[in-house]
Amino acid sequence: MEKFFKLKENGTSVGTEVVAGFTTFFAMAYIIVVNPSILSESGMEWGAVFLATIISAVIGTLVMGLVANVPYAQAPGMGLNAFFVYTVCFALEFTWQEALTMVFICGLFNIFITVTKIRKHIIKSIPASLQNAIGGGIGLFVAYIGLLNVGIINFGGGVPALSTLNQPAFWLFLIGLVLIVVLQVLKVKGAILIGIIVTTLIGIPMGVTVTSNTVSFSEACAALPSTFGVIFTSAGFGSLFSDMSRLPLVLITIFSFSLSDTFDTIGTFIGTGRRSGIFSAEDEKALETNNGFKSKMDKALFADATATSIGAIFGTSNTTTFVESAAGIGAGGRTGLTSVVVALCFIASAFLSTFVSAIPYAATAPALVVVGMMMVSSFREIKWDDFAEAVPAFFAGLFMALCYSISYGIAFGFIFYCVVKCCTKRAKDVHPILWVATILFILNFVLLAVL
C-alpha cells in the first residue's frame, strides 16, 4: 500500500487517508438521496437513479484514486442535475432519455479536450492572481454550501438573513461548528470526522438525526434496467437526432453541459490541489509539455472526463469532481487511498442507505464551513492594493459563492480580467485560450438568456 500510493512521499499515512476518506464521504453522502429525488422529477425511476448515482460515484472515484492517485471523489454534481431537470427537460422539453444522451456526448467531448490537452492548457493559461482567487472563492463557496444546506441563512424577507434559532437543526449546527473549531484549534487528529460523528449522535435525541425514505438494494437493482443503456435505444440517440430542426438547440445544450462541467472541475483542482501540494512541481512541469499522460493532473482530468459518460450509461446526470473533496483534503488526505476509502463507503451505502440518509446537514455543514475557512487563506496571495489585480480576483471569489457555481465565478473573473487588461492597454498579456474561454462564457450567458 505504501509503495502503490506513495504515502511517505506525500507526507501522509494510512490512518490519515482513511479518516480523510470517511470525512469526504460524510460531507457528500447527501447526494445518494438528493440526486434521485431531483432526477426522478423528470420521470426517471427513483431506485434506478439511486443505484446509478452510487455506481457512477464508485467507478469515477476509484479511477481517480487508483489511476491518478489523488484524493478526489466523484459523483453526479449538484447544479448540473438541476439544469438537467428544470432547464433541459422542463423548459426545453427534451425527454429524460434525450437529456441523458446529451450528457453522454458531453462526456465524450470532455474526454476529447482532455486527451488533446486542451483542458490542461486552459489551466496553464489562468494567471496566478486568478488561481489564488479561485482557491479563496471555492473556500467561500464551500462554506456557503454548508450554511445554505442547514438553512441557517434564509431569504424569506427577500434578502439574506440569519434564521431565527428556533429549530433543533440550527442549534445542532452551532454545536457541531463550535466542536470542530475547538478540535481544530487543539490540533486533534481527525477533528473534522470526529465532529461529524459526534454531531450526528447528538442529533438523535434532538430529533434531527432521522432516516429518510429510500429503497432497498434489491428494489434498486430491479429498477436499474429502466435507465441502464437507454441512451443507445430509439428513445436516446434515435430520438435526439430524429428532428434536425432541433440540432442547434441540442448542440447549445451539450455546450452548456460541457462548459459548466469543465470549469467546475478545473476550479476544484486549482482551488484545492495547488494550495495543498497535491498537484506539485511534477504537474507544473507537465503543464509545459504535451508528452503523454504522465502527471497526476493529466490522469485526474481524464478520470473526471470519463466519469460523465459512464454515469450517463447507467442513468444519471453529469458526474463531476465534488468540491466537498476539500473536506477530506482539509482532514489531511493527499493520495488516492482517500478516494478508495470514499468508493468503498459508497459501495456500502448501496446496502445501508437508510443509515447513510440519517446523517443530517446539521452535522456535515459545520465541516464545510471550517474547511471553507481554511481555504480562504489563498486570498492572501493576491495584491489587493493593485486595483487591476484586485478587480477580477474579487469578482471571481464573490460570484463563485453568491451564484452557487464555480464555473460562474470563473466566468466573471475571466471577463473582468480581460476588461482590466484592455483598459490598461495590456490586452496582449491575456493568453489566447483565456480570450476564447471568456468569449464562450459570454456566448453561453447570451444563449441561456434567449432560450
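**Exercise 1. Classify asparagine 69 by its accessibility, then place it in the chain.**

Solution. Asparagine 69 has 12% relative accessibility, so it counts as buried; buried means under 20% relative accessible area, exposed over 50%, and partly exposed in between, with a 1.4 Å probe and protein chains only. Next, its place: asparagine 69 lies in the loop between α4 and β1. Helices (H or I, at least four residues) and strands (E, at least two) are DSSP runs, numbered from the N terminus. Last, the backbone: phi of asparagine 69 is positive, about 55°, although the residue is not a glycine.

The model is predicted: local features need pLDDT of at least 70, side-chain atom pairs count only at pLDDT 80 or more, and totals for chains, interfaces and linings use all residues. Residues are numbered from 1 along each chain as its sequence is written, and side-chain values use heavy atoms, with hydrogens and water left out.

**Exercise 2. Is lysine 425 buried or exposed, and where in the chain is it?**

Solution. Lysine 425 counts as exposed, because its relative accessibility is 76%. The residue sits in the loop between α21 and α22. Its phi is near 55°, a positive value in a residue other than glycine.

**Exercise 3. Describe the surroundings of threonine 438, threonine 227 and threonine 16.**

Solution. Take the residues one at a time.

- Threonine 438 belongs to helix α22. Its relative accessible area is 4%, so threonine 438 is buried. Leaving aside neighbours within four places in sequence, threonine 438 is in contact (heavy atoms within 4.5 Å) with Phe414, Ile415 and Cys418.
- Threonine 227 is in the loop between α11 (217-223) and α12 (234-240). With a relative accessible area of 1%, threonine 227 is buried. Not counting residues up to four places away in sequence, threonine 227 touches Met44, Ala48, Trp96, Ile313, Phe314 and Gly315.
- Threonine 16 is found in helix α2. At 26% relative accessibility, threonine 16 counts as partly exposed. Not counting residues up to four places away in sequence, threonine 16 touches Ala331 and Gly332. The C-alpha atoms of threonine 16 and arginine 246, which are 230 residues apart along the chain, are separated by 51 Å.

**Exercise 4. Which residues of α3 are buried, and what covers them?**

Solution. Helix α3 spans residues 31-39 and is mostly covered, with seven of its nine residues buried. The buried residues are Ile31, Ile32, Val33, Asn35, Pro36, Ile38 and Leu39. Their cover includes the helices α2 (14-28), α4 (46-66), α5 (80-91), α17 (336-349) and α18 (353-356), as well as strand β1 (74-76).

**Exercise 5. Find the residues that touch the most other members of the largest nonpolar core, and list the contacts of phenylalanine 25.**

Solution. A nonpolar core is a set of buried Ala, Val, Leu, Ile, Met, Phe, Trp, Tyr and Cys residues joined through side-chain atoms within 4.5 Å. The largest core has 91 residues, of which Phe25, Phe263, Phe346 and Phe414 touch the most other members. Not counting residues up to four places away in sequence, phenylalanine 25 touches Ile32, Val342, Cys345, Phe346, Ser349 and Val356. Another core, of 27 residues, lies apart from the largest one; among its members are Ala99, Leu100, Met102 and Cys106. In soluble globular proteins, nonpolar side chains tend to be buried together.

**Exercise 6. Which helix supplies the largest share of the lining of the largest pocket, and what kinds of residue make up that lining?**

Solution. Start with the definition. On a 1 Å grid over the protein atoms alone, a pocket is an open set of points where a 1.4 Å probe fits, with protein on both sides within 12 Å along at least five of seven lines; lining residues have an atom within 4 Å of a point. The largest pocket has a volume of about 590 Å³, the volume being the space filled by probe spheres set on the points, which are joined across faces, edges and corners. Of its 30 lining residues, Met78, Gly79, Leu80, Asp264 and Tyr404 are the closest to the centre. Helix α13 gives the largest share, six residues. The lining divides into 17 nonpolar, 11 polar and two charged residues. Here Ala, Val, Leu, Ile, Met, Phe, Trp, Tyr, Cys and Pro count as nonpolar, Asp, Glu, Lys and Arg as charged, and the others, Gly among them, as polar.
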